[in-house]
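Here is a short report on how the strands in one protein chain pair up and how the chain crosses between them. Have the sequence and the structure open as you read.

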Amino acid sequence: VEHAPVAEDPRDAHTSAHTLSVLVVDDETFVRETLVEMLLALGHSVKASDGGRAAFQLLDKDSFDLVFTDLSMPEMDGWEVAREIRKRWPRVRVVVVTGHGKDAVEPRGQAKLVDGIIGKPFNFEQVEETIAAITGEGMTKG
């Protein structure tokens, strides 16, 4: 009996070999949802929160590999979120998302507070490349 070839999901081309559990923290619904959609398209497991305190509750309950946090948020900024994650969940990697672009500077004396910085507006490739750089799963450039 011959089997028809299985149609591949077009998203498979972007999916890395390793699925990450990712938390997105952003007070802006549009930005949060856009980043969640991109991460899902890359094949990752994603949860989202609208601020630091809600994020910490999720981190207490679930295990995450990576957190994308907005830099400018009302109750607690991205640096504060990153500091708390470093203290309580040191193995979790952190990427700051900022409207200040790559010029966003880590607080003095806080080198290595975050693993990456992405400027807004970001695109699919930037998100993919940042994850690849952080996880060491480099994409081969043909």
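The report below covers strand pairing, side-chain directions and crossovers in this predicted model.

**Strand S1.** Start with S1, residues 21-25. This strand is mostly covered, with five of its five residues buried. Ser 21, Leu 23 and Val 25 point one way. Val 22 and Val 24 point the other way. In a regular strand, side chains alternate between the two faces of the sheet.

**Pairing.** S1 pairs with S2 in the parallel sense. S1 also runs parallel to S3. S3 in turn pairs with S4, again in the parallel sense. The table lists the bridges for each pair.

| Strand pair | Residues of the second strand | Bridges |
|---|---|---|
| S1 and S2 | S2, residues 45-49 | five bridges |
| S1 and S3 | S3, residues 66-70 | four bridges |
| S3 and S4 | S4, residues 93-98 | five bridges |

Individual partners help to place these strands. Leu 23 of S1 stands opposite Lys 47 in S2. Val 25 has Thr 69 in S3 as its bridge partner.

**Strand S3.** S3 is mostly covered as well: five of its five residues are buried. Leu 66, Phe 68 and Asp 70 point one way from S3, while Val 67 and Thr 69 point the other way. Asp 70 stands opposite Val 97 in S4. From S3 the chain crosses through helix H3, residues 78-88, to S4. This β-α-β crossover is right-handed.

**The other unit.** S1, helix H1 (residues 29-41) and S2 make a right-handed β-α-β unit.

Methods: Residues are numbered from 1 along each chain as its sequence is written. This is a predicted model: local features need pLDDT of at least 70, side-chain atom pairs count only at pLDDT 80 or more; totals for chains, interfaces and linings use all residues. Side-chain values use heavy atoms; hydrogens and water are left out. Buried means under 20% relative accessible area, exposed over 50%, partly exposed in between (1.4 Å probe, protein chains only). Helices (H or I, at least four residues) and strands (E, at least two) are DSSP runs, numbered from the N terminus. Two strands pair if DSSP finds at least two bridges between them. A crossover is right-handed if, with the strands pointing away from the viewer, the path from the first strand over the helix to the second runs clockwise.
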